[in-house]
Amino acid sequence: MAENLLLNSPHLLQKISLSPVMLRLMQEAVKPEPDFGVMAETIRLDPALATTTLNLVNSAFYGLPQKVTDLNRAVSVLGSREMLKVAVVMSLQKDLEHGFPDCEYDFFPDWRLIVWSAIAAELLAARLCPRESDQAYLSALLKDVSLLFLRCAAKELLPSPDLRDHITVLGKGQLEYEEERWGMHHGALSQMLLTRWGIPAAMCESIRVHHAVDSLAEQTPLAQAVILATQWSEMELGHSSGPFSVVQFEVLLRGVLGMNEREVDALRSECLEKFRSMLESLGIGEGDQNRAYYRHSVKVMQGYCFLSMDLLTAEGGLESVARTVGKHIKLNWDVKSWDLALRAPHGKTYSLFHLTPEGRLEQSEGRFPEGRVPWRVKHSGLQLTFSGQRLGELRLGEANLPQDEMDNLALYLRFLSQGYEYYCARQAVLEEKARVFDKIPIGVARLDGAGIVVEANGRIGEYLGLDAPARGRPLAWMLSRRLTVETVAEVDAFLADAARASYGRIVYFLEQKQDDRPADGCLYLSAHRVKDAQGEGVLVLLEDLRGLSELEVQTLRRKNFLERLIGSMQEVVLTVTAKGLVDFCSRQDLGLSGRDFFAVFVPQQPFEGPWGTEIFAAPTQTPVGTVLTTQGGSQLPFELSIAPLTGRAGTAREYLVVGRDMTQIRRLEAKLKVRALFDGLTGLFNHYQFHTTLEREVTRCRRTGRGLGMVFFDLDKFKAVNDTQGHLAGDAVLKGVGAMLMRQVRQGMDYPCRYGGDEFVVIVTEVDEERLRGIGERILLDVRELFKGLVTVSVGLSMLQGDDTPESLLRRVDNLAYASKSAGGDSLSEG
């Protein structure tokens with residue numbers, strides 16, 4: 001499983017690590033008072049970074065009146081914290097673009113998103129939480145660091161990375177995919193990495209929730225700034241769900257920030273100016289500007305948004321849509337002739353409309369496949385597209401509009417495309433349903449809570465002999481015109497009993513023909529309680545059964561019962577032919593009918609053996625763990641049980657397959673995996689994982705001859721903290737020690753563990769006595785500095801010796817730590 005690779009692979013964790021220069025810069029950046037001496041020394045370690053940083057300082061982004069030629073001068077002009085932000089940006093860009101020379105990936109599209117979100121987060125935080133604006137900048141800069149590193153170090157773990165031009169844009173179902181594959185989403189993975197690199201917990205929390213728009217009001221102001229900046233970057237650079245959401249986001253900003261429209265426009269302009277200057281300084285172009293919305297004012301976009309909403313009320317088919325578009329184009333661009341092709345709401349053919357120079361709207365007869373539209377205007381036009389789907393094309397008879405007007409027309413068509421997609425999904429569907437509703441050979445009526453007909457098709461009146469529309473009439477009165485008193489009483493009893501979900505029976509009656517001759521009538525009457533967007537009500541169905549025999553009626557009722565029974569099961573039920581084709585599937589949303597069963601379900605370990613129709617001949621059938629790849633590309637785990645469906649001759653022509661959805665179980669297993677490896681309080685490896693790692697590393701040390709050491713320590717005066725300040729204070733101390741160890745150790749080479757209670761141990765690989773002693777002394781000093789005497793540590797350390805076993809090494813360092821404690825604590829013993 002992918003989560004094992006993430007959690008158990010030291011090599012992968014080591015590959016997705018920042019450079020020492022970047023780590024030191026970040027650790028300074030999050031301090032309340034950065035040390036310029038440390039910062040300058042760190043930047044000078046990388047001459048190329050120092051040169052690039054000075055180039056950015058002298059760029060239009062800061063607009064300094066005089067050129068700055070040294071780092072000391074840059075700090076005095078910008079301030080230590082602003083200088084640090086510059087250095088962090090440049091160092092991160094260098095780590096990503098030069099740290100993976102074999103990675104064929106264009107970082108520029110993602111860098112544009114990162115730069116906008118970082119600048120936006122700082123500007124938003126300046127209004128929401130001014131003291132944390134620098135943290136907001138860094139949080140937005142680093143929120144997707146896990147995705148960027150994985151794209152180059154292990155792209156097979158990402159959802160279709162080669163099919164997406166921006167890995168940092170949130171895809172549909174991406175967080176669920178990551179939870180299933182990794183046991184955590186990418187925000188939590190970035191949080192885990194940054195915590196290990198020494199970033200404060202509050203800042204990491206805003207990174208973990210940077211996509212949590214739905215719970216924005218529940219987040220801290222810092223997290224709100226990062227969440228809004230993340231959304232803002234995707235909106236402005238054209239990666240949102242559609243242009244409507246850009247306008248809606250501006251309204252959201254006004255509400256959260258308490259600003260008016262003019263103030264939000266000013267904030268947007270400030271963000272855009274800084275964005276363009278930063279890109280120029282980084283040597284990154286703006287990319288496809290036709291995609292970005294920041295080129296247009298919010299006021300213009302609001303106007304086009306309102307125009308496109310006219311389609312939501314258009315009635316009369318595609319001709320009404322064409323008339324609405326023609327009105328918009330005439331009023332805004334004064335174009336007197338055009339051709340407009342619109343894709344049918346249900347299909348891939350196009351209807352073609354023409355506006356003649358005389359102002360007449362004409363429609364070409366028929367519908368046309370793509371590529372065979374009989375255009376009158378021969379030159380190419382502007383496309384109507386939404387979510388990657390081509391919805392139509394507009395060709396202007398007059399192609400002499402200025403470029404800025406053509407840009408505005410293209411923007412209008414982007415809004416129109418989303419409006420047309422909504423029209424196809426709603427209004428057109430409603431119109432089509434209304435036409436079909438009256439043609440279906442079943443009478444349908446919807447009742448309100450009092451039994452009055454709210455809406456009905458024409459068949460109801462036909463079957464019950466009504467001479468006027470059924471709407472507004474009581475159902476009981478309508479039924480009494482043709483059915484028996486007993487049947488009407490049963491229906492009334494059903495309507496009065498809210499606990500009953502459905503009612504049904506076959507009824508017979510005498511129908512009076514036009515020649516006054518009586519004739520037998522037979523209807524299947526059913527009623528079902530429903531609850532939907534229109535509220536609660538009752539759906540009544542009348543089906544004419546005069547063309548069916550009694551046996552056929554019974555068969556129909558049994559089939560209906562079985563389908564409802566199978567559809568109510570939690571498991572998915574399939575029938576598969578002897579050739580392996582899916583003949584029936586209880587869940588239509590999976591789209592499995594007619595597909596190759598053995599192609600869509602792939603067996604997982606520990607299954608062994610052939611996976612094909614030969615499995616049907618197996619003498620015994622045991623459940624098989626599989627993964628189903630749906631038509632949408634998502635993967636769902638199922639445990640399948642297979643049984644033959646025997647016919648009259650005793651041979652199986654079909655097979656019954658019952659699939660148990662294992663998605664929730666797999667997610668639970670992933671969470672249990674994390675808990676099995678790590679201590680829940682400190683985030684360090686737990687007691688069990690310590691022993692497993694120690695056995696492995698001792699064996700590796702014997703094989704390679706490289707040094708192995710162990711540092712064991714426990715906390716002095718910890719019991720007094722619990723007794724005087726409470727266990728929450730004690731937990732805070734343990735968390736602080738855990739975070740300190742995370743900063744001290746080498747990723748993928750040293751293994752910090754919580755042994756139990758207030759005892760900790762670090763397994764140190766590829767080390768000698770001097771370096772091991774240095775680690776122990778750093779732990780001793782860091783605890784003194786961190787807790788100011790509240791607690792100290794008694795440390796014991798030792799190298800693995802020739803005749804040592806894992807147990808003897810552990811026993812020796814434990815005794816050495818005890819010796820340190822016996823000597824008064826806050827000391828180190830080695831042996």
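In this predicted model, ring pairs join F597, F598, F601, F607, W611, F616, F638 and Y655 into a cluster. The structure as a whole holds 25 aromatic pairs. A pair of aromatic rings is described by the distance of the centres and the angle of the planes.

One of these pairs is formed by W116 and W232, which meet edge-to-face, with 5.9 Å from centre to centre and 80° between the planes. This pair links distant parts of the chain, since W116 belongs to helix α8 (residues 108–128) and W232 to helix α14 (residues 221–236), and the two residues are 116 residues apart. Because its relative accessibility is 0%, W116 counts as buried, and W232, with a relative accessible area of 2%, is buried as well. W116 also forms an aromatic pair with F275, again edge-to-face, in which the centres lie 5.0 Å apart and the planes make an angle of 65°. Here W116 lies in helix α8 and F275 in helix α16 (residues 261–282), so that the pair ties together parts of the chain that are 159 residues apart in sequence. Both W116 and F275 are buried.

Aromatic rings are also found beneath charged side chains. R395 lies over the face of W375, at 4.1 Å from the ring centre, while the charged end of R696 sits over the ring of Y751, 5.5 Å from the centre of that ring.

Y751 falls within strand β18 (750–756), which is part of an open sheet of five strands arranged in the order β18-β19-β17-β20-β21, with mixed pairing. Strands β18 and β21 (827–830) stand at the edges of this sheet, and each has a single partner strand, so one side of each is left without a neighbour in the sheet. On average, and with direction ignored, neighbouring strands of the sheet are turned by 20° against each other. Within the sheet, strand β17 (residues 708–716) pairs with strand β20 (residues 792–799) in the antiparallel sense, over eight bridges; the bridge partner of G709 in β20 is M799. Helix α31 (residues 806–822) packs on the sheet, where it touches β17, β18, β20 and β21, and the direction of the helix makes about 145° with that of β20.

Notes
Residues are numbered from 1 along each chain as its sequence is written. This is a predicted model: local features need pLDDT of at least 70, side-chain atom pairs count only at pLDDT 80 or more; totals for chains, interfaces and linings use all residues. Side-chain values use heavy atoms; hydrogens and water are left out. Two strands pair if DSSP finds at least two bridges between them. Helices (H or I, at least four residues) and strands (E, at least two) are DSSP runs, numbered from the N terminus. Axes are lines fitted to C-alpha atoms, for helices over the stretch in contact, and angles run from 0 to 180 degrees between N-to-C directions. Contact means heavy atoms within 4.5 Å. Rings of Phe, Tyr and Trp (its six-membered ring) pair if their centres lie within 6.5 Å; planes under 30 degrees apart count as stacked, over 60 as edge-to-face and the rest as tilted. Buried means under 20% relative accessible area, exposed over 50%, partly exposed in between (1.4 Å probe, protein chains only). A charge sits over a ring if NZ of Lys or CZ of Arg is within 6 Å of the ring centre and within 35 degrees of the ring normal.
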